[in-house]
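Notebook open, one chain to go through today. I'll start with the fold and work down to single residues.

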Amino acid sequence: LEAGVAYTDIINSSDNYLWQTFMIGAAPNKESNIFEYTERIAAAYITASRTLGAGFWAKVGLRYEYTGTKGVQHSTGTVNRDKYGHLFPTFNLSWNRDRIGSFNISYSMGMARPNLWELNPFKYYSTTDEYAAGNPDLKPTLYNNAEINYYGLGGLYAVLYTSFASDAIGYIRRFDDNGILSTHPYNCLSTNKTGLYASYKRSFF
């Protein structure tokens, strides 16, 4: 049996200025992009493993993460806060026989948090009627991962894997009523990555 706790404190401050000139000879427009972001993560986990007999071995685990975030965009005075907690189970079962080989089945959950610039609501104008901005309401993406692998038969190694999520981050472009084109990130994608890998290695000399 194994258990542990962890704490992470991330503080990031960016101080940039955007100079925009849309007409020849016009004075540039200076905009401040001061963005402060704080992320605090507390986590605890527990795992247990055991030999089950007949060549079987199992390991199970559970991790809990609680996250609190705060983003401040000083140019607009916008303050965004978020809090969320998630449980992440893991499971691993293996079976081994000398003449046959070894099989392993595993499952885990993972999380990918948005990048800092994806959370910053500052508007980056590329033209007078087109801009891109972050989305402070983004949520982390939760991934489900499963894998089956085999090793044996004198050097054969094969892996069948899959990973999927229903809340991955994608970008949506839309026009508003004034004809302004904007690009923002949203939790709008479903992803699935599945594959098979196999190799054979044997020494003849």
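How many helices and strands does the secondary structure of the protein chain come to? I get 1 helix and 10 strands. Note to self: this is a predicted model.

Next I looked up the order. Reading from the N terminus, I find β-β-β-β-β-α-β-β-β-β-β. I then checked the overall spread: the radius of gyration is 24 Å, whereas the globule rule gives 17 Å for 205 residues, so the chain is more spread out than a compact globule. The box I drew along the principal axes to hold the C-alpha atoms is roughly 80 × 40 × 35 Å.

On to burial and surface. I count 30% of the 205 residues as buried. For the accessible surface I have about 13500 Å², and carbon and sulfur atoms hold 57% of that.

Charges: I have 18 positive and 17 negative ones, and their mean positions lie 12 Å apart.

Contacts came next. I took those between residues at least 6 apart in sequence, and 57% of them join residues at least 24 apart.

Which residues make up the largest nonpolar core? I find 5 residues there: Phe 35, Tyr 37, Leu 119, Leu 138 and Ile 169.

I picked Leu 119 out of that core for a closer look. Setting aside neighbours within four places in sequence, I see Leu 119 in contact with Phe 35, Tyr 37 and Leu 138, three names that are also on the core list. The other contacts I noted for Leu 119 are Pro 114, Asn 135 and Pro 136.

Notes. Residues are numbered from 1 along each chain as its sequence is written. This is a predicted model: local features need pLDDT of at least 70, side-chain atom pairs count only at pLDDT 80 or more; totals for chains, interfaces and linings use all residues. Side-chain values use heavy atoms; hydrogens and water are left out. Helices (H or I, at least four residues) and strands (E, at least two) are DSSP runs, numbered from the N terminus. The radius of gyration is taken over C-alpha atoms; the globule rule is 2.2 Å times the number of residues to the power 0.38. Buried means under 20% relative accessible area, exposed over 50%, partly exposed in between (1.4 Å probe, protein chains only). Contact means heavy atoms within 4.5 Å. Accessible areas come from the Shrake-Rupley method with a 1.4 Å probe; for residues, only the protein chains shown count as cover. Lys and Arg count as positive and Asp and Glu as negative; His and the chain ends are not counted. The place of a charge is taken as NZ of Lys, CZ of Arg, CG of Asp or CD of Glu. A nonpolar core is a set of buried Ala, Val, Leu, Ile, Met, Phe, Trp, Tyr and Cys residues joined through side-chain atoms within 4.5 Å.
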